[in-house]
Number of protein chains: 2
Amino acid sequence: MARAATTLDAFNAVAEPRRRAIIDVLADGERPVNDLVERLGMTQPQVSKHLRVLREVGLVSAHADGRRRIYRLEGRALRPIHDWVKEYERAWEERFSALDEVLAEMQEDEGEA
Amino acid sequence: MARAATTLDAFNAVAEPRRRAIIDVLADGERPVNDLVERLGMTQPQVSKHLRVLREVGLVSAHADGRRRIYRLEGRALRPIHDWVKEYERAWEERFSALDEVLAEMQEDEGEA
DNA sequence: TTGACATATTCCTATATGCGTATATATTGG
DNA sequence: CCAATATATACGCATATAGGAATATGTCAA
């Protein structure tokens, strides 16, 4: 078996640094392909191919504007990643002392009840 | 060129679902390899190989305990992922929609007036 | 229609993968 | 030392990749 497809989910799509770079640029607003090409210094086919992957996992959407295609970030597709990794946030937030952790958990339990 | 190495960074290491599963189990506390094997229903070599990848990106550490090796989660290696994805959090928190933001600001201004 | 522009797709190749199976490398108990 | 246990590594395989180059598709302008 080979590695999972990049188009399997956001985790795989986003593992590629160039695709994260594209996402970061699109975070400032929608852009045509050529803008990304210039801004990122990658070749046009590469950008188009990366955009295809991002489209297939729902991370970007596109609409036509004349002969151009405007790409827009669909940030909510990043949510599964955020939700998963957030669980581990306290691992590096040392302000969560042992006591704080207990208190936080107690509050969480209350919230769930 | 092929895909980036899974050991390149946490993004790539974590793209594999089985490795996330290992991380999720280790979140409850350190465990020897065999525990992971039983708990996750994967073969022992597979677990060892996934652990190797996780070790190489600093996501887990290991120490010997007799003939066993106890693996521990190093959650702070997930921080780059968290930091990156957190930037996009408001994309799905609809309470931060553009309109809501404007309305909230107007109300704040009224209150101050 | 023709040509220029914008984007997508195809073909090629080297490469790293994840899994299975088999085997190597500790470490312990007797 | 030997056998048993625990883990790591090696080998073979099918597969999907990222990049480059070339080309196809689509759209506008005159």
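**Protein–DNA contacts and chain symmetry in the predicted model**

In this predicted model, the side chain of B:Gln46 places an N or O atom 2.7 Å from a phosphate oxygen of DNA strand C. Two further side chains reach phosphate oxygens of strand C. For A:Ser48, an N or O atom of the side chain lies 2.7 Å from a phosphate oxygen. For B:Arg19, the corresponding separation is 2.9 Å. The surface near strand C draws two or more residues from each of several elements: α3, α4 and β3 of chain A, and α2 (17–26) and α4 of chain B. The largest share comes from α4(A), with five residues.

DNA strand C is surrounded by 29 residues. The closest are A:Met1, A:Gln44, A:Ser48, A:Tyr71 and B:Gln46. Of the atoms of strand C that come within 4 Å of the protein, 57% belong to sugar and phosphate. By residue class, the surface near strand C comprises ten nonpolar, eight polar and eleven charged residues.

DNA strand D is contacted through its bases and its backbone. At a base, an oxygen of strand D is 2.9 Å from an N or O atom in the side chain of A:Lys49. At a phosphate, an oxygen of strand D lies 2.8 Å from a polar side-chain atom of A:His50. A sugar or linking oxygen of strand D is 3.3 Å from a polar side-chain atom of B:Arg67. The elements that supply two or more residues to the surface near strand D are α2 and α4 of chain A, along with α3 (33–40), α4 (44–56) and β3 (68–73) of chain B. Here α4(B) provides the largest share, five residues.

Around strand D there are 29 residues. A:Ala2, B:Met1, B:Gln44, B:Ser48 and B:Tyr71 come nearest. Sugar or phosphate accounts for 59% of the strand D atoms within 4 Å of the protein, and bases make up the rest. The residues of the surface near strand D divide into ten nonpolar, eight polar and eleven charged.

The two protein chains superpose with an RMSD of 0.1 Å. The operation that lays chain A on chain B is a turn of 180 degrees with a shift of 0.0 Å along the axis. The two copies are therefore related as by a two-fold rotation axis. The interface is consistent in its membership: 100% of the interface residues of chain A are also interface residues in chain B, so the copies meet through the same surface.

Helix α3 of chain A was examined in further detail. This helix spans residues 33–40, and its buried residues are A:Val33, A:Leu36 and A:Val37. These three lie on the same side of α3(A), because they cover an arc of only 105 degrees around the axis. The buried residues of α3(A) are covered by elements of chain A that include α2 (17–26), β1 (31–32), α4 (44–56) and β3 (68–73). The face of α3(A) turned away from the buried side carries A:Glu38 and A:Arg39, both exposed. Just after the helix, A:Gly41 adopts a positive phi of about 65 degrees. Helix α3(A) is also among the elements that give two or more residues to the surface near strand C. In chain B, α3 appears in the list for strand D.

Notes. Residues are numbered from 1 along each chain as its sequence is written. Chains are lettered from A and ligands numbered from 1 in the order in which they are written. This is a predicted model: local features need pLDDT of at least 70, side-chain atom pairs count only at pLDDT 80 or more; totals for chains, interfaces and linings use all residues. Side-chain values use heavy atoms; hydrogens and water are left out. Buried means under 20% relative accessible area, exposed over 50%, partly exposed in between (1.4 Å probe, protein chains only). Helices (H or I, at least four residues) and strands (E, at least two) are DSSP runs, numbered from the N terminus. The arc is that of the directions from the helix axis to the C-beta atoms. Contact means heavy atoms within 4.5 Å. A residue is near a molecule or strand if one of its heavy atoms lies within 4 Å of it. A polar contact is a pair of N or O atoms within 3.5 Å; within protein, one must be able to donate a hydrogen and the other to accept it, and residues adjacent in sequence count only if both atoms are side-chain atoms. Ala, Val, Leu, Ile, Met, Phe, Trp, Tyr, Cys and Pro count as nonpolar, Asp, Glu, Lys and Arg as charged, and the others, Gly among them, as polar. Copies are superposed by least squares on the C-alpha atoms of residues with pLDDT of at least 70 in both.
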